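Student: I would like to go through this model and ask what stands behind the terms used for it.

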Amino acid sequence: MIKSHKQLTASLLVSATIVAGLGVSAPGNAAAASSPSNSVMAAAAGQTAVIEASVRLRSTPSTSGEVVKYLQKGDQVQIVAKPNNYWYQVKTADGSVGYTSTDDKYISVNSSSVGTPTAPSAQTGTIKYGVNLRTTPSTSGKVLRLLKKGEQVQLLAEPNSYWYQIQTSDGSIGYISSSDQYISFAGNGGTGTVTPTPTPSVPPAPPISTPGASAQIESVISVGMGYLGTPYEFGSSRNDTSTFDCSDFIRQIFMDALNLKLPADSRQQGDWVKSNSTVVTSTSGLKRGDLMFFMDYKGNSASAYAGIDKSKARISHVAMYLGDGQIIHTYSVASGGVKVDQLSASWTNRFLFGGSVIR
């Protein structure tokens, strides 16, 4: 059984009071934000914006959302989505993703089209299998209710490649998994699963690197993406999802997605993979969903690792390979917590071996 975890509360309410020091002005009409409505909008692809005054980047579109970082005047950001009239979802230059106020004293958008309602769908979907409707596109989002097989929903947006924002027949708005095992769409006069025009993915989901990639691995990756931005803490509690270190993050996403409990630290996880999988020692042999194990940092150049017997080197870090040269992991407070990175030369030089948890 998975133990209960402390989850970040994703409030859908925006306070009508100006909260001192929060870096966000609350709207004058609180009632407008107190319940879901068709004012939920998606931003057009490719829009950029400039931060006009220091403002907090938050984990959820709410003043109760955890602060991911501070955005400074002059910072350039990409608009990803506009979940309501008071918040933008943005991506920063360093890849951080979160929510910031739409107030023009904090942000200036380089396009006049933001705020224009879009219907990436004009599609009605049918629930194929019971799935949770959540307040945020994350497995840590509060469950609004269980959608039942056969329910009809309207697609509003696709905030990333793992979640749909939908509206139910009773007017509820929330997020569900985009996996086609849960929902199908009728398109072009026929029935079947179709992909709606998405809002920009953050981070963009890499293509599946091998044919027939396991649906279980896709579920694990989806859970991992839901934890993007969760702060780093060395030796984080294994009973708590408010912070992660590298091995805690990997362990948690397999527990959440598959109820599979891996060992608690990276060295034990490496031993587990060696005992239960076919190990690869070259990054070219990795496939989507493989765990990757790394040694201590010695420097950026390959020469710094010359002469090291990597078969005997001590594991100091674990990550998951996403394909297309990308990894998801967490490794320091300064890096911003859980994030997707390119598999740089530095990481490649430190790579010891990898392998699959799911065979």
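Tutor: Start with confidence, since this is a predicted model. Over residues 112–122 the pLDDT stays under 50, and the model has 20 contacts beyond four places in sequence for them.

Student: What makes residues 1–46 a stretch to treat in the same manner?

Tutor: The pLDDT is below 50 over residues 1–46, although the model gives this stretch 98 contacts beyond near neighbours in sequence. Where pLDDT is low, the predicted coordinates should not be read in detail. For the protein chain, the mean pLDDT is 75, and 75% of the residues reach 70 or more.

Student: Which elements have the lowest and the highest mean pLDDT?

Tutor: Strand E15 (residues 190–192) has the lowest, at 39, and E16 has the highest, at 97.

Student: Why is the set containing Phe 249 and Met 320 called a nonpolar core?

Tutor: A nonpolar core needs buried residues of types such as Phe, Ile, Leu and Met, joined through side-chain atoms within 4.5 Å. The largest such core has 32 residues, and Phe 249, Ile 250, Ile 253, Phe 254, Leu 291, Met 320 and Ile 328 touch the most other members. Among the elements that each supply at least two residues are helix H2 (246–258), strand E16 (291–294) and strand E17 (317–323). Domain 2 (124–185) and domain 3 (213–356) each give this core at least three residues.

Student: How do you know that Met 320 touches Ile 250?

Tutor: Contact means heavy atoms within 4.5 Å, and Ile 250 is among the contacts of Met 320 beyond four places in sequence, as are Val 220, Leu 291 and Ile 328.

Note on methods. Residues numbered from 1 in each chain as written. Predicted model: local features only at pLDDT ≥ 70, side-chain atom pairs only at ≥ 80, totals over all residues. Heavy atoms only, no water. Buried < 20%, exposed > 50% of the residue type's maximum accessible area, 1.4 Å probe, protein only. Helix = DSSP H or I, 4+ residues; strand = E, 2+ residues; numbered from the N terminus. Domains from an automatic or database assignment. pLDDT = per-residue confidence, 0-100.
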